[in-house]
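Subject: Structure handover

Hello,

Here is the structure I promised to pass on to you. Could you open it next to this email and follow along as you read?

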Amino acid sequence: MFKKLFPNEKYNEKKLNHLMNYLLKKAEQFIGLKKYEATKGLEDYHIMSAFVERNLEKHYDFFFKKEEKALEKSQFRNSDFYFQKYLLADTGLQLSFKKKIRKFDQSLQDTSDFFDLYYISNKLIYTCEMINRNRILSKPYETKLFDEIKSYLSKHPHEDVPIIHMYYQILMFLTTEDGTSYFNKFKELLYTYRNAFPQDEIRDILAQGLNYCIRKLNRGEANYLAEAFNLYCIGIENGWQIINGYLSPWAFKNAIKAGLMLEKYEWAEEFIEVNTKKLEPKFRQNALHFNLADLYYSTKQFDKAHEHLNMVEYTDMYITIDSKKLLMKIYLESDEIDLLYSAIAAFKQFINRHKVITANIKEQYKNYISALNLLVKGDSKSLISCSSLLESTKPIAERNWLKRMVANRQK
């Protein structure tokens with residue numbers, strides 16, 4: 001490289017290193033500038049600020065009106081929209097300061113108001129995410145200003161601000177003992193604001209509703225299964241679960257699972273046939289065979305289910321866990337008790353060995369194993385103990401399935 005750059009010079013490693021370091025800094029500046037150019041509002045903000053500094057008021061007015069008109073035409077009403085509104089108003093405030101205006105100035109009010117909307121919307125998003133993560137982390141996040149924000153929004157709900165209106169419902173169903181009314185409002189707003197957010201943001205919003213349904217299901221509230229199914233279908237039908245041009249394999253699997261639990265077998269079969277090709281190629285075979293196995297298990301075709309399950313490659317921890325659980329279900333319902341005991345032991349070892357599985361998730365599976373062992377024993381005392389465990393508030397994977405199996409044994 002040095003010879004190509006400096007053909008008439010003796011090799012100098014220090015000079016080459018200096019040059020490469022300079023090139024690295026230029027590369028970093030380049031990617032930073034590209035990101036800056038792609039960030040809506042920032043470049044225009046600095047252009048208008050420069051006009052104000054140079055007393056180019058005519059240029060500023062033309063640019064301001066153009067940007068204001070373009071911003072109002074935007075379909076999105078997310079936090080970024082209010083950030084851009086804040087930046088635009090702030091340039092007006094700069095002009096006001098420059099001209100030393102002392103009378104009432106709307107730009108000052110607008111700058112303050114839009115900054116508040118930007119701050120509150122992001123504070124809501126971050127707080128909801130912290131609340132969700134605190135459910136599974138041993139070291140919780142501090143949700144600072146939580147009470148103040150909640151109190152403020154109870155008095156000033158900002159129902160004309162889609163991002164705040166939506167995340168307020170999420171905050172309330174996450175933190176209220178009975179969040180049903182807020183969840184119902186969330187579903188209504190999901191339709192109302194379906195075009196108000198970019199795809200990645202509406203997908204995050206949808207995930208909040210799905211996580212709420214899953215927590216309810218884990219507590220034994222079976223009616224939330226249909227709610228989760230409907231949310232999965234809404235997300236897939238509207239294209240919100242498309243990531244980098246492909247359907248999310250987790251949304252694909254979870255929608256099918258919910259459909260099967262609701263006994264929508266024909267729907268599931270058609271869904272698998274139509275949507276498997278929408279998955280990223282590296283996921284297709286595993287998704288096809290696992291979900292067909294689940295379909296055949298659900299329709300009591302255990303041999304076919306086992307056949308497809310054998311074609312699943314354990315390339316992902318979660319597909320491995322789901323496959324092992326499905327195998328145990330097949331063994332239990334086909335009375336392959338010796339194979340079931342062996343599968344339970346292997347599953348227990350797998351859960352204990354993997355450190356990436358969080359303590360909360362491990363507890364769900366350990367309670368699942370305990371309940372399954374009691375169920376397999378089958379005597380009345382064990383079944384009573386199993387029922388008692390399933391009626392407790394302890395987190396248990398596959399709670400509803402286990403309850404059905406206990407009910408079958410007690411007949």
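Let me begin with helix α7, where D147 and K155 are exposed on the side of the helix away from its buried residues. Before going further, please keep in mind that this is a predicted model.

The buried residues of α7, which runs over residues 146-155, are F146, I149 and L153. Around the helix axis they cover an arc of only 70°, so they sit on the same side of α7. What do the buried residues of α7 pack against? They pack against α6 and α8, the latter spanning residues 162-175.

You can look at the α6 side of this region through T127, which is found in helix α6 (residues 106-134). T127 has a relative accessible area of 6%, and because buried means under 20%, T127 counts as buried. Not counting residues up to four places away in sequence, T127 touches T143, F146 and L171. F146 is also one of the buried residues of α7, so if you display T127 and α7 together you will find this contact right away.

If you then follow the chain onwards from α7, you come to H158 in the loop between α7 and α8. H158 has a positive phi of about 50°, although it is not a glycine.

Next, a helix with a similar story to tell. Helix α3 (residues 42-53) has twelve residues, and the distance from its first C-alpha to its last is 16 Å, close to the 16 Å expected at 1.5 Å a residue. Its buried residues are Y45, M48, S49, F51 and V52. Viewed down the axis of α3, these fall within an arc of 155°, so they line one face of the helix. Their cover includes α4 (57-73) and α5 (79-98). Just after α3 comes N55, with a positive phi of about 60°.

Now to R203, which is found in helix α10 (residues 199-218). Is R203 buried or exposed? It is buried, with a relative accessible area of 18%. Leaving aside neighbours within four places in sequence, R203 is in contact with W240, Q241, I242 and I243. R203 and I242 are 39 residues apart in sequence, and their C-alpha atoms are 9.1 Å apart in space.

Close by in the numbering there is N244, in the loop between β1 (242-243) and β2 (246-247). N244 has a phi near 55°, a positive value in a residue other than glycine. At 76% relative accessibility, N244 counts as exposed, whereas R203 is buried.

Finally, there is a helix pair for you to look at. Two packed helices are described by the angle between their axes and the distance between the axes. For helix α14 (residues 281-298) and helix α15 (residues 302-309), the axes come within 8 Å and cross at roughly 165°. That makes α14 roughly antiparallel to α15. The crossing of α14 past α15 is left-handed. Which residues meet where these two helices pack? From α14 they are H289, F290, L292, A293, Y296 and Y297, and from α15 they are F302, K304, A305, H308 and L309.

Happy browsing, and best wishes!

Note on methods
Residues numbered from 1 in each chain as written. Predicted model: local features only at pLDDT ≥ 70, side-chain atom pairs only at ≥ 80, totals over all residues. Heavy atoms only, no water. Helix = DSSP H or I, 4+ residues; strand = E, 2+ residues; numbered from the N terminus. Expected span 1.5 Å × (residues − 1). Buried < 20%, exposed > 50% of the residue type's maximum accessible area, 1.4 Å probe, protein only. Arc of directions from axis to C-beta. Contact = heavy atoms within 4.5 Å. Axes fitted to C-alpha atoms, helices over the stretch in contact; angles between N-to-C directions. Parallel < 35°, antiparallel > 145°, perpendicular 65-115°, else oblique. Left-handed = near helix turned anticlockwise from the far one by under 90°.
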